Amino acid sequence: MRIVLIGPPGAGKGTQARILADLLSVPAISSGDLFRAEIGRGTEIGDLVRRHTEAGELVPDELTTAVVTRRLGEPDAADGFLLDGFPRTVRQAELLSEALAESGTALDAVIALDMPDEEIVQRLTGRRMCPACGTTVHAVFSPPRVADRCDGCAGPLLRRADDTEETVVRRLTVYGEQTVPLLRWYANRGLLSHVDATGTVPEVFGRMRSALAAVTV
Ligand code: AP5
Ligand code: MG
């Protein structure tokens with residue numbers, strides 16, 4: 001299956017994508033993770049994207065699409081994928097649709113995770129990530145067994161550079177201005193399902209499975 005997850009920052013795209021991708025045996029591909037990997041490796045792309053991501057602004061469409069479609073060209077994505085956070089503009093969606101059409105494929109479903117702004121700030125200011133293995137926890141909602149240490153690999157847990165309250169507020173504004181119009185674009189193509197992203201991780205996952213079952217039968 002080829003699925004896109006859209007949602008405001010902190011809606012739980014990454015958390016849910018990892019669980020759903022395991023279930024479907026497809027790779028979960030996060031544009032934000034691809035950018036953070038480029039920044040971490042100190043590549044030319046990393047230098048280009050850093051100032052956008054740290055300010056909470058979108059990376060330009062053509063560059064973003066090039067980075068994601070390069071990843072989609074890897075063998076593990078040949079039979080399906082779960083995209084987390086890409087596309088996030090109508091232009092990116094058009095470019096993705098063209099790229100998929102060239103390889104004779106198309107998206108099966110788009111899920112929008114809906115979440116009120118107040119909960120988002122709480123979720124993101126408490127998020128901690130392990131840069132070594134990618135595990136994400138929350139200081140209050142899902143704390144690690146040992147404070148500030150990853151449950152998976154025991155490495156140090158860090159706060160993301162763009163998880164300050166000021167940048168989170170900017171990311172929310174950018175989401176409203178540049179990504180919300182994309183929801184209508186996908187709705188007009190009969191691909192979009194809305195899922196309530198409040199509640200526990202298993203509750204949200206259950207709603208996602210029901211939404212997918214409804215559109216893929
Ligand atoms: P990206 O990394 O995609 O950030 P984002 O969209 O802001 O989303 P987040 O990763 O912050 O949140 P999430 O929805 O994945 O939530 P998570 O599961 O971690 O993008 C970063 C930047 O890269 C962008 O700002 C932009 O600059 C650039 N970029 C990326 N894609 C781009 C594109 N397509 N075009 C242009 N630029 C792009 O959960 C959050 C926290 O909540 C965690 O602590 C988690 O443990 C906790 N949590 C999750 N679910 C629950 C639950 N049900 N209950 C309680 N806690 C929960
Ligand atoms: Mg994420």
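Which residue just after H3 takes a positive phi? Gly 56 does, with a phi of about 80 degrees. The close-ups below come from a predicted model, and we begin with the helix that precedes this glycine.

**View 1. Helix H3 and its two sides.** The buried residues of H3 are Ile 45, Gly 46, Val 49, His 52 and Thr 53. Looking down the axis of H3, we find these residues within an arc of 135 degrees, so they line one face of the helix. The face turned away from the buried side of H3 carries exposed residues: Glu 44, Asp 47 and Arg 51. On the buried side, the packing partners are H2 and H4. Just after the helix sits Gly 56 with its positive phi.

**View 2. Helix H4 and its cover.** H4 spans residues 61-72, twelve residues in total. From its first C-alpha to its last it reaches 16 Å, close to the 16 Å expected at 1.5 Å a residue. Buried in H4 are Asp 61, Thr 64, Thr 65, Val 67, Val 68, Arg 71 and Leu 72. Down the axis of H4, the buried residues fall within an arc of 160 degrees, so they line one face of the helix. What lies over that buried set? The cover includes two strands, E2 (28-30) and E3 (81-84). It also includes the helices H2 (31-41), H3 (44-55) and H5 (90-102).

**View 3. Asp 61, a buried acid in H4.** Asp 61 belongs to helix H4. Which side chain of opposite charge is nearest to Asp 61? That is Arg 91, 5.6 Å away, and Asp 61 has no salt bridge although it is buried. A salt bridge here requires a side-chain nitrogen of Lys or Arg within 4 Å of a carboxyl oxygen, so a pair at 5.6 Å does not qualify. Asp 61 does have a polar partner, since its side chain joins that of Thr 89 in a polar contact of 3.0 Å. Not counting residues up to four places away in sequence, Asp 61 touches Thr 89, Arg 91, Gln 92 and Leu 95.

**View 4. Arg 2, a buried base in strand E1.** Arg 2 lies in E1, a strand made of residues 2-6. Arg 2 is buried and has no salt bridge. Its nearest side chain of opposite charge, Asp 108, is 4.9 Å away. Where does the side chain of Arg 2 reach a backbone oxygen? At Ala 78, with a separation of 2.9 Å. Leaving aside neighbours within four places in sequence, the contacts of Arg 2 include Ala 78, Asp 79, Gly 80 and Phe 81. Also in contact with Arg 2 are Thr 105, Ala 106, Leu 107, Asp 108 and Ala 109.

**View 5. Two salt bridges along helix H2.** Arg 36 and Asp 33 form a salt bridge, with their closest N and O atoms 2.7 Å apart. These two residues are three apart in helix H2, which means that about one helical turn separates them. Both are partly exposed: Arg 36 has 29% relative accessibility, and Asp 33 has 36%. The side chains of Arg 41 and Glu 38 also meet in a salt bridge, at 3.4 Å from N to O. Arg 41 and Glu 38 are likewise three residues apart in H2, about one helical turn. Is each end of this pair buried or exposed? Arg 41 is exposed, with a relative accessible area of 56%, whereas Glu 38 is buried at 5% relative accessibility.

**View 6. A salt bridge in helix H5, and a network elsewhere.** Glu 94 pairs with Arg 91 in a salt bridge whose closest N and O atoms are 3.4 Å apart. The two are three residues apart in H5, separated by about one helical turn. Glu 94 is partly exposed at 30% relative accessibility, and so is Arg 91 at 35%. In another group, Arg 127, Arg 160, Asp 162, Asp 163 and Arg 171 are joined into one network by salt bridges that share partners. The count of salt bridges comes to 14.

**View 7. Ala 187 and Thr 64.** Ala 187 is in helix H7 (residues 165-188). With 40% relative accessibility, Ala 187 counts as partly exposed. Its C-alpha atom is 23 Å from that of Thr 64, and the two residues are 123 residues apart along the chain.

Technical notes: Residues numbered from 1 in each chain as written. Chains lettered and ligands numbered in written order. Predicted model: local features only at pLDDT ≥ 70, side-chain atom pairs only at ≥ 80, totals over all residues. Heavy atoms only, no water. Helix = DSSP H or I, 4+ residues; strand = E, 2+ residues; numbered from the N terminus. Expected span 1.5 Å × (residues − 1). Buried < 20%, exposed > 50% of the residue type's maximum accessible area, 1.4 Å probe, protein only. Arc of directions from axis to C-beta. Contact = heavy atoms within 4.5 Å. Lys, Arg positive; Asp, Glu negative; His and termini not counted. Polar contact = N/O pair within 3.5 Å; in protein donor to acceptor, adjacent residues only side chain to side chain.
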